[in-house]
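User: Could you take me on a close look at one part of this model? I'd like to follow a single helix and the contacts its side chains make.

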Amino acid sequence: MNKPFRLSPAFASFFIYGALQAQPLLTPDEAVHLALEKNFSLSLARDQTAEAVVNRQSAIGPFLPGASASVNTSGNLKDSVTRQTTVGAALNWQIFEGFQSYHAYRRLKSSEKAAEWQERLAVETTVEAVLNAYYGVVLQKQLLAAIQEKTGVTEDQAKLAQAKAGVGSGSHLDALQAIATLNEDSSSLLSQQVALHEAKIQLNQLLARAPETDFEVSDSIPVETGLPVEKWRATLADDNSTVLQAQARRNAATSGLGEARGLWWPSLNAGVAYSSTPSSLNSGSTRPDGATYSVNLTVPLFDQLRGHQAVSNAKLELRQSETRFQQALEDVRAEFEQEHRKYAAGRQRVDLETRNLDVAIQQADAAQERYKAGSGTALEFRDAQRILLDARSRLATARQNTQQAELALKRLAGALVKE
């Protein structure tokens, strides 16, 4: 006598798992907001920008006069009574030094701009990574739902096969095969739960929060149509953060060359000073003997080739920065074309897989009805369910890949982050 069949208890835990998933809903906007507040890479980029601002502000100093005060005491080592104390103040101003301060300020201002573009690039990269990770979680959630649906169907199939075998209208082998299929789907469901959990951990890491923080995500992966690709292609050089950063660094190198050439120019300094002894200050003397002025003109004749070395290095840096700028522009253009091809092909694939899913649903429904009516085989039923699962998986993957290309296009065009 055949022993009664027992369904694997593992699949029951899947539905309990789903029921316990009443976690707070995390929207894409909320995920981006959390990342912009707490992401470690962005924090470092902001610090670099702040440092560049401080450097640029300090470059104003050479344009301003310098003031100092001094107190000097001197005496004879053999005669401690003989001691003289002098107090004084001085004001110095560098009138001309070959425009070195001017070019240094422009160089630091361009460096500040480059740091700002680097920060914006870090923001764009972080937003793109967060949204990709977010919709990666959505993809794993959709795949989990598809496997859960398939597991539910195979559970019904196993129960039906067991019932048929019990009344003698079905074979013992079909019932065993149904149980094996259910256990196989249960194993796939366990693996998919792990994949979903890992995707959530990856997103939590980008959001700089505890890895074990659980949350729920939206159910769909949006794909935007009607992107202004031609407009973005024409304005890449004006809107792309990488190109603009390279351009700012090229401008800084240009100013650095002017700063180095200033070493060959003469320099002009002027200053006034006053010094006196405390006794003369107390006596109320108005003698101008302590007030002096100075004007100094220095013409460089030979500086042991230091100026030549500085100018040569500055020229080399300018040439390298120009090369980096051209390379950045070409790299961005090439990446834009690649992502555009991916996006266009992805949209076509989404349309195709949507139609394939409709056909797969109809096939699965028809196979299920035939199997319940006894006119279809178990093998035909399992093949229809496998085709349906594959169709759902391909459509979800196609939507995510298209969405990734869309985000990349927006990042390259400078349209991902709104000012």
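Analyst: Happy to. This is a predicted model, and a good place to start is the salt bridge in which the side chains of Asp 219 and Lys 141 meet, at 2.5 Å from N to O. Lys 141 belongs to helix H4, while Asp 219 sits in the loop between helix H5 (172–206) and helix H6 (229–234), so the pair ties together parts that are 78 residues apart in sequence. The two partners differ in cover: Asp 219 is exposed, at 56% relative accessibility, whereas Lys 141 is buried, at 19%.

Let's stay on helix H4. Glu 128 makes a salt bridge with Arg 411, with 2.4 Å between the closest N and O atoms. Because Glu 128 lies in H4 and Arg 411 in helix H11 (residues 378–412), this pair ties together parts that are 283 residues apart in sequence. Glu 128 is buried at 11% relative accessibility, and Arg 411 is buried too, at 13%. Glu 335 joins Glu 128 and Arg 411 in a network of salt bridges.

There is also a pairing inside the helix: the side chains of Glu 116 and Lys 113 form a salt bridge of 3.5 Å, N to O. These residues are 3 apart in H4, about one turn of the helix. Glu 116 is partly exposed at 31%, as is Lys 113 at 39%.

Finally, look at how H4 packs. Its axis comes within 11 Å of the axis of helix H10 (residues 306–373), and the two cross at roughly 15°; H4 and H10 are therefore roughly parallel to each other. Their crossing is left-handed.

Key. Residues numbered from 1 in each chain as written. Predicted model: local features only at pLDDT ≥ 70, side-chain atom pairs only at ≥ 80, totals over all residues. Heavy atoms only, no water. Axes fitted to C-alpha atoms, helices over the stretch in contact; angles between N-to-C directions. Helix = DSSP H or I, 4+ residues; strand = E, 2+ residues; numbered from the N terminus. Parallel < 35°, antiparallel > 145°, perpendicular 65-115°, else oblique. Left-handed = near helix turned anticlockwise from the far one by under 90°. Salt bridge = Lys/Arg side-chain N within 4 Å of Asp/Glu carboxyl O. Buried < 20%, exposed > 50% of the residue type's maximum accessible area, 1.4 Å probe, protein only.
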